[in-house]
Amino acid sequence: MIDYLIIGGGMAGCNLTYNLLKNGRSVHLIDENSPHAASNIAAGIYNPLLPRHHKVAYQAEYIYPIIESYYLELEQYLGETIHFKQPIHYFIETQAEQNDWSAHAYNSHLSHWIEVHTSRSDYNFKANNGFLKIKHSGWADAKKMTAGIKAKLMEQGALTNEHYEYSELNISEAEINYKGIKAKHIVFCEGCDILNNTFNTNLALKPAKGEILIIKTELDIDFIAQQGVFMVPLGDQIYKVGSTFSWDTLDETPTEAGKKEIVTKLEKFFKGSYEIIDHYAGVRPSSGDRRPILGALKPYTNAFVFNGLGSKGVALVPYYSTLMTNHLINGIPLDKEISTERYLKYSLL
Ligand SMILES: Cc1cc2nc3c(=O)[nH]c(=O)nc-3n(C[C@H](O)[C@H](O)[C@H](O)COP(=O)(O)OP(=O)(O)OC[C@H]3O[C@@H](n4cnc5c(N)ncnc54)[C@H](O)[C@@H]3O)c2cc1C
């Protein structure tokens, strides 16, 4: 009997599997390899700043300091580069905003996270009112990350590439049995598809569709440019540009309206000419309260969930997959704000 059966091989499932293996546990992952999984679409940026609120993200002081070392270690395990530490230049739109930011950065702990620059960053951009240089930021190639972890699992015979059928699960306190795979515990990491999970209909997921463009331009920059939308330099003058947020139509189809929204925002700050070479859409597994969802699916003590990474999987996964691993292995309690306990009831059977 193995220790853990993990359902879903996006950033959540893959990183949890990696951490459990690192801690000497036996794991089997089932993943249907959906090309539209959020982890295959994500721009992969991590950015501690919430500009509209003049503050940093929830638990930023714990989450951001470990990102670099976590991905460095993962890169060593995978034998390939997946992480790019890079500042974000967040262009300031107006003089009034610039004054506001200068005051905030000077008066608060924000100076640890940002520098306010009153001169322009780069003449390829229209931004005349300076920029915030966001520190402790960058991006990771989430698609390469999950593909790399799954390739390792495949070598070890620890991956099944198929659709997981909820009706095939036999679960009791003593054992999990899924089509003959016997495990002590099961952890659901299906991203938005958890909405189809017959075992936990009460998790308050509020998925958000997003669209992204891939463009080619002659620009060469070594930072992520942002104002309304971001431009992430992928190398070879290729950039990811996005993204949109919509909560009404939760499909994976790129739309003309999505493209137009991105192009309009891009052209507001970017001067150069460009060609659109691709256009994707995916759905983010966001929670109603914008916190990740970790913990047990009561009344069982051997069924768990790791989800709710929303639009910040790359930033959240190093910290929360480690926390989840400690919870699973050592029973370290989870904060109520992120735990499944914050939902009043669970329907499991
Ligand atoms: C347009 C867009 C832009 C984004 N940009 C960023 C960004 O810049 N930075 C950032 O950090 N995050 C970004 N995100 C969010 C990021 O993608 C998510 O936070 C993260 O990918 C969630 O990972 P996950 O593993 O929870 O879900 P997913 O990546 O959706 O993975 C779920 C996995 O479960 C599998 N699965 C589901 N059901 C079953 C089943 N029944 N049987 C077998 N397998 C199953 C799927 O195939 C998939 O592989 C973006 C997302 C989108 C859509």
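The chain is divided into two domains: domain 1, made of 2–42, 143–202 and 289–342, and domain 2, which spans 208–284. The model is a predicted one. Taken over C-alpha atoms, the centres of domain 1 and domain 2 are separated by 30 Å. Where the domains meet, six residues of domain 1 are in contact with six residues of domain 2. On the side of domain 1 that touches domain 2, three residues are nonpolar, three are polar and none is charged.

The interior comes next. In soluble globular proteins, nonpolar side chains tend to be buried together. Here the largest nonpolar core has 95 residues, and those with the most contacts inside it are Ile 6, Val 187, Phe 230, Val 241, Phe 306 and Val 314. The helix α8 gives the most to this core, with eight residues. Domain 1 and domain 2 both give residues to the core, so it lies between them. Val 314 can serve as an example: leaving aside neighbours within four places in sequence, Val 314 is in contact with Ala 42, Gly 44, Ile 45, Tyr 46, Trp 139, Ala 140 and Ala 142.

The ligand also draws on both domains: the shell around it takes at least three residues from each of domain 1 and domain 2. There are 44 residues around the ligand, of which Gly 8, Gly 10, Gly 191, Gly 210 and Gly 313 come nearest. Several helices and strands each supply at least two residues of this shell, among them α1 (11–22), β2 (27–31), β15 (208–217), β19 (274–284) and α8 (313–330). By class, the shell has 20 nonpolar, 18 polar and six charged residues.

Some loops have backbone features worth locating. Two of them hold cis peptide bonds. One such bond runs from Gly 242 to Ser 243, with omega near -5 degrees, and Ser 243 is in the loop between β18 (238–242) and α7 (256–269). Another joins Lys 298 and Pro 299, with omega about 10 degrees; Pro 299 is placed in the loop between β20 (293–296) and β21 (303–307).

Positive phi values appear in other loops. Lys 179, although not a glycine, has a positive phi of about 45 degrees. Lys 179 is in the loop between β13 (176–178) and β14 (181–188). Lys 179 counts as exposed because it has 12 C-beta neighbours inside 10 Å, and a residue is exposed if that number is 12 or fewer. Asp 236, also other than glycine, has a positive phi near 55 degrees and is found in the loop between β17 (229–235) and β18. With 8 other C-beta atoms within 10 Å, Asp 236 is exposed.

Technical notes: Residues numbered from 1 in each chain as written. Predicted model: local features only at pLDDT ≥ 70, side-chain atom pairs only at ≥ 80, totals over all residues. Near = placed C-beta within 6 Å. Helix = DSSP H or I, 4+ residues; strand = E, 2+ residues; numbered from the N terminus. Nonpolar A, V, L, I, M, F, W, Y, C, P; charged D, E, K, R; others polar. Domains from an automatic or database assignment. Core = buried A, V, L, I, M, F, W, Y, C linked by C-beta atoms within 7 Å. Buried ≥ 20, exposed ≤ 12 C-beta atoms within 10 Å, placed from the backbone. Contact = placed C-beta atoms within 7 Å.
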